[in-house]
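User: Could you take a close look at one part of this model for me? I'd like the sheet and whatever packs on it, with the cut-offs spelled out.

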Amino acid sequence: MELDLSTPQKALGTLEQAYRDKDMERALACRDFTHEAELMALHSTWEGASQAFDDTTLSQLAEGLAAQWLRAGPPDFSGVTSYVAAVEPYAGKFHVATEKGRIADGTTWSQRIFMSEQRGRWAVLCPSSVYESKRSRRA
């Protein structure tokens with residue numbers, strides 16, 4: 001299965017089409033749970049966090065994230081159209097993309113989502129609200 005994940009738009013579009021097709025193998029290829037685990041470590045601010053996230057822990061966390069995502073199953077993307085409106089650098093290989101879309105009834109929406117890019121391959125991570133809401137609760 002050769003996928004073109006060379007841009008944020010192509011990675012997100014491929015993921016969403018895989019959801020429509022209920023093709024979890026193709027959807028999985030658009031994600032990177034190792035990067036998502038690294039992103040979680042980056043956002044961990046408790047004392048000792050940097051020592052706690054060694055390679056073994058990151059690997060186990062990535063496996064857990066992937067298993068949880070597979071159990072949840074694909075969301076319903078029937079009638080959804082979307083595009084990447086902007087991509088901002090975040091930290092190293094991590095970026096925040098602003099995705100805008102429309103559902104079949106004409107309702108529009110926007111979300112910010114973490115993505116990663118490494119060696120020309122983009123991957124979809126988690127919505128940025130996962131971390132933004134935690135940050136606002138701490139303030």
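Analyst: Happy to; here is a walk through the sheet, one residue in it, and the helices against it. This is a predicted model, where local features need pLDDT of at least 70, side-chain atom pairs count only at pLDDT 80 or more, and totals for chains, interfaces and linings use all residues. Residues are numbered from 1 along each chain as its sequence is written, and side-chain values use heavy atoms, with hydrogens and water left out.

The sheet is open, with 4 strands in the order 1-2-3-4 and antiparallel pairing. Strands (E, at least two residues) and helices (H or I, at least four) are DSSP runs numbered from the N terminus, and two strands pair if DSSP finds at least two bridges between them. Strand 1 (81-91) and strand 4 (121-127) are the edges, each pairing on one side only. On average, neighbouring strands are turned by 35° against each other, direction ignored.

Strand 2 (residues 94-102) holds A97, and 9 bridges join strand 2 to the antiparallel strand 3 (residues 108-118). One pairing puts K100 opposite S110 in strand 3.

Helix 3 packs on the sheet, touching strand 1, strand 2, strand 3 and strand 4; contact means heavy atoms within 4.5 Å. The direction of helix 3 makes about 50° with that of strand 4, where axes are lines fitted to C-alpha atoms, for helices over the stretch in contact, and angles run from 0 to 180 degrees between N-to-C directions.

Back in strand 2, A97 has a relative accessible area of 0%, so A97 is buried (under 20% relative accessible area; exposed is over 50%, partly exposed in between; 1.4 Å probe, protein chains only). Leaving aside neighbours within four places in sequence, A97 is in contact with V84, A86, V87, Q111, R112, I113 and M115.
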